[in-house]
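Student: Please show me how to read the ligand site and the internal cavities of a protein model.

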Amino acid sequence: MSSQTRKFGQAVVIGGSIAGLLSARVLSEHFEKVIVLERDPFPSGPETRKGAPQGHHVHALLEAGLKVLEELFPGMPREMEGEGVERIDMARDAAWLQSGSWKTRYEGNVESILVSRPFLEWKVRGRVAALPNVELRQGISVEQLRLDAARTRVSGVKVKGPEGEQVLDSALVVDASGRGSRTPQWLEALGFGTVPQEQVRIDMGYTSRFYERPAGFDAWKILVINGRAPETRRSGFISNVEGNRWIVSLNGYFGDHAPVDDQGFLEFARRLPTPHLYEYIRQARPLTPPSLHKISASRWLHYERMARMPEGLVLLGDSVCSLNPVFGQGMTVAALGAKLLGDTLSRARGTPSGPPLELTRRFQKDLGKIVGLCWFLTTTQDLAYPEAEGHRKPGLKFLQWSFNNMIDLTSVDAHACQRFYDVLHMRKGLEGLLDPGFARALLTYNLKSLLVPRARRANLDTLPPHPSARGGKDAGRMDSAA
Ligand SMILES: Cc1cc2nc3c(=O)[nH]c(=O)nc-3n(C[C@H](O)[C@H](O)[C@H](O)COP(=O)(O)OP(=O)(O)OC[C@H]3O[C@@H](n4cnc5c(N)ncnc54)[C@H](O)[C@@H]3O)c2cc1C
């Protein structure tokens, strides 16, 4: 906020999870006071809680998300490294069977950190709680939005907590209440109409548990086993996390969920598209019982398409779009949403009494562009399953065929792989795939796929070693300028 403009009054954030906390951090630069309202009690340490049950499961952070964290909380990722969180190069340190072929490994400088979700949230919460103009209120549930007399602007929220019901005035309300957000019902009841939504039904189940990480293990730092749709429905992850632990998550589509008993969990792992994950965990020591979480569908609420929205309200994180987490995009989209909110407020010329008109529409429209990339990547893959209920656009089959070829190409071509990581890690938008060199390589590979059997043009079988363990072209350094 420039020195000529005064801060706005009070902002309220619904939800004290990743999106809510990051929003509070950016709002603290623009508002005199920011109040975060969270239904759960906040745990005193890095523990899972009822309102964020996904904390039991693997949470990868894409590079763009890490960069936002570093920008908003200087020094925090480095501080976490001192506490057992590893900073990695995804291109080098991940062993990833994607859609049935192993990604080539090389020095690619695709940065990420390996951290459990509760630990990350706890660190972020600590930083936000220390901001002088932010107040975190726990055990408070937001029950309704309040409108001004003209019924065009949200003027606050009605809340329920230990002291009963209360109304909190607010110049801006940020809904970061996740997948269970009640804004669609509230807006409908207030006469703003129905929020258009898209969804792709997946009936996915994640079953996860922590293991002790075997001492001295360094073949990879994160292992992902993901078969080709629609032939296989199962995936598995092992990720190093703080505390010298592995988090192991097994997932399956359409009700094919890993059981929560020891034997059933192992048996599910044994029947993944390759036995690697099973071989790694069968001798390892479990630290927690398996825990199951179900995700019925990926869902995108298109607030940017609403004919009428009240001013003074914005939504971000899972309250807008909650995705099949298979590409690990959710926290990064939340982080990019919070950054966008800060940028939008910085650019906007408001009055001291409140954020400017059209802020809501502008923000939701720009957020839609960020969400769109993730939605495209995830649903293109999910809609390859005939059971996946969702809208199939013309040309989808060709797109899926080319997408699968692109994935196979990344198993043998480090330059192509780096272009893919650029887009996946949100360094670039989809235009990153239009890079002339990449487009040419993919076109040639598409033709090759018509003539050469898959097993002879992609690495389907061999888990690639760490680049330092082999010579050759792919072992060389490569950054996004390559
Ligand atoms: C199994 C699984 C694995 C995942 N893996 C990854 C991954 O690898 N990488 C990744 O980036 N993302 C992953 N995600 C997605 C990620 O967890 C979400 O995108 C992210 O948590 C969204 O954050 P959020 O703050 O928007 O919502 P949430 O984390 O859902 O938080 C919403 C908060 O709002 C509170 N709340 C709700 N209603 C109210 C109310 N009325 N009043 C007050 N408080 C309220 C809730 O208690 C909660 O704390 C995964 C998700 C799942 C389910």
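The dialogue below takes up the ligand shell, a helix and the cavities.

Tutor: This is a predicted model, in which local features need pLDDT of at least 70, side-chain atom pairs count only at pLDDT 80 or more, and totals for chains, interfaces and linings use all residues. Residues are numbered from 1 along each chain as its sequence is written, and side-chain values use heavy atoms, with hydrogens and water left out.

Student: How many residues surround the ligand?

Tutor: A residue is near a molecule if one of its heavy atoms lies within 4 Å of it. Here 32 residues surround the ligand, and the closest are S17, E38, A60, R117 and M331.

Student: Which polar contacts does the ligand make?

Tutor: A polar contact is a pair of N or O atoms within 3.5 Å. A polar side-chain atom of D318 lies 2.7 Å from a ligand oxygen, and a polar backbone atom of V142 is 3.0 Å from a ligand nitrogen. The protein covers 95% of the 1000 Å² of accessible area that the ligand has on its own (Shrake-Rupley method, 1.4 Å probe).

Student: Is helix α1 buried or exposed?

Tutor: Buried means under 20% relative accessible area, with a 1.4 Å probe and protein chains only. In α1 (residues 18-27), ten of ten residues are buried, including I18 and L27.

Student: How many cavities does the structure hold?

Tutor: A cavity is a set of points on a 1 Å grid over the protein atoms alone where a 1.4 Å probe fits but cannot get out. The structure holds five of 30 Å³ or more, and the largest has a volume of about 60 Å³.

Definitions and conventions
1 Å grid on protein atoms, 1.4 Å probe; cavity = no way out; pocket = protein on both sides within 12 Å on 5 of 7 lines; lining within 4 Å. Points joined across faces, edges and corners; volume = space filled by probe spheres on them. Buried < 20%, exposed > 50% of the residue type's maximum accessible area, 1.4 Å probe, protein only. Helix = DSSP H or I, 4+ residues; strand = E, 2+ residues; numbered from the N terminus. Polar contact = N/O pair within 3.5 Å; in protein donor to acceptor, adjacent residues only side chain to side chain.
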